Amino acid sequence: MNNGSNGDYEGQIGGGHPGRQLWLGSRRASLDTIYKWEKDAVNLSLSGVSNAAGVPVAPFLPQTLTATISNNQSVMALAKYAVGPLKLYAGYEWYQLAPPSDP
């Protein structure tokens, strides 16, 4: 696979409703749900001392490359509701990091 994990699956379901004509204009709504699962995902980062902008501080320039390996799962629920020019957006995400399958 060459993508830093031993498996990655994602699915999405959703749709919209055209609504009806109101005095403000048309009314529209849409809902989406997205699920993702990754097995033994690799997350790389640099650790060390840095300032607020993320730039390494002079005496601590040698940084350490760290890797986090985990099984990840997430669910997102998204909604949009529009009445004429007014648009409202809402969303929720649940994300879980679990121990890897192959440490």
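Begin by selecting asparagine 72 in this predicted model, and then add leucine 97, which is the bridge partner of asparagine 72 in E5. With these two residues displayed, extend the selection to the strands around them: strand E4 covers residues 64-83, and E4 pairs with E5 in the antiparallel sense over 13 bridges.

Next, follow E4 to the turn that leads into E5. Two residues lie between the strands of this hairpin, and glycine 84 takes a positive phi near 60 degrees there.

From the turn, move into E5, which spans residues 86-98, and select glutamate 93, which has its place in that strand. Is glutamate 93 buried, partly exposed or exposed? Its relative accessible area is 47%, and glutamate 93 is therefore partly exposed, since that class covers values between 20% and 50%. If you display the neighbours of glutamate 93 and leave aside residues up to four places away in sequence, you will find that it touches Ser74, Val75 and Met76. Now add threonine 33, which is 60 residues apart from glutamate 93 along the chain, and draw a distance between the two C-alpha atoms, which are separated by 9.8 Å.

Leave the hairpin at this point and turn to the aromatic side chains, of which the structure holds one pair. Select tyrosine 9 and tryptophan 37, whose ring centres are 5.7 Å apart and whose planes meet at 15 degrees, so the pair is stacked; planes under 30 degrees apart count as stacked. Which strands does this pair connect? Tyrosine 9 lies in strand E1, residues 7-17, while tryptophan 37 lies in strand E3, residues 25-47, so the pair ties together parts that are 28 residues apart in sequence. Switching to a surface view brings out the exposure of each partner: tyrosine 9 is exposed, with a relative accessible area of 53%, whereas tryptophan 37, at 28% relative accessibility, counts as partly exposed.

Finally, select the whole chain and colour by secondary structure, where the protein shows zero helices and five strands, arranged along the sequence in the pattern β-β-β-β-β. If you then colour by accessibility, 14% of the 103 residues count as buried. The surface that the protein exposes comes to about 7,800 Å², and carbon and sulfur atoms supply 59% of that area. As a last step, display the contacts between residues at least 6 apart in sequence, among which 57% join residues at least 24 apart.

Conventions: Residues numbered from 1 in each chain as written. Predicted model: local features only at pLDDT ≥ 70, side-chain atom pairs only at ≥ 80, totals over all residues. Heavy atoms only, no water. Helix = DSSP H or I, 4+ residues; strand = E, 2+ residues; numbered from the N terminus. Buried < 20%, exposed > 50% of the residue type's maximum accessible area, 1.4 Å probe, protein only. Contact = heavy atoms within 4.5 Å. Areas by Shrake-Rupley, 256 points an atom, 1.4 Å probe, with all protein chains shown as cover. Phe/Tyr/Trp six-rings, centres within 6.5 Å; stacked < 30°, edge-to-face > 60°. Pairing = 2+ DSSP bridges.
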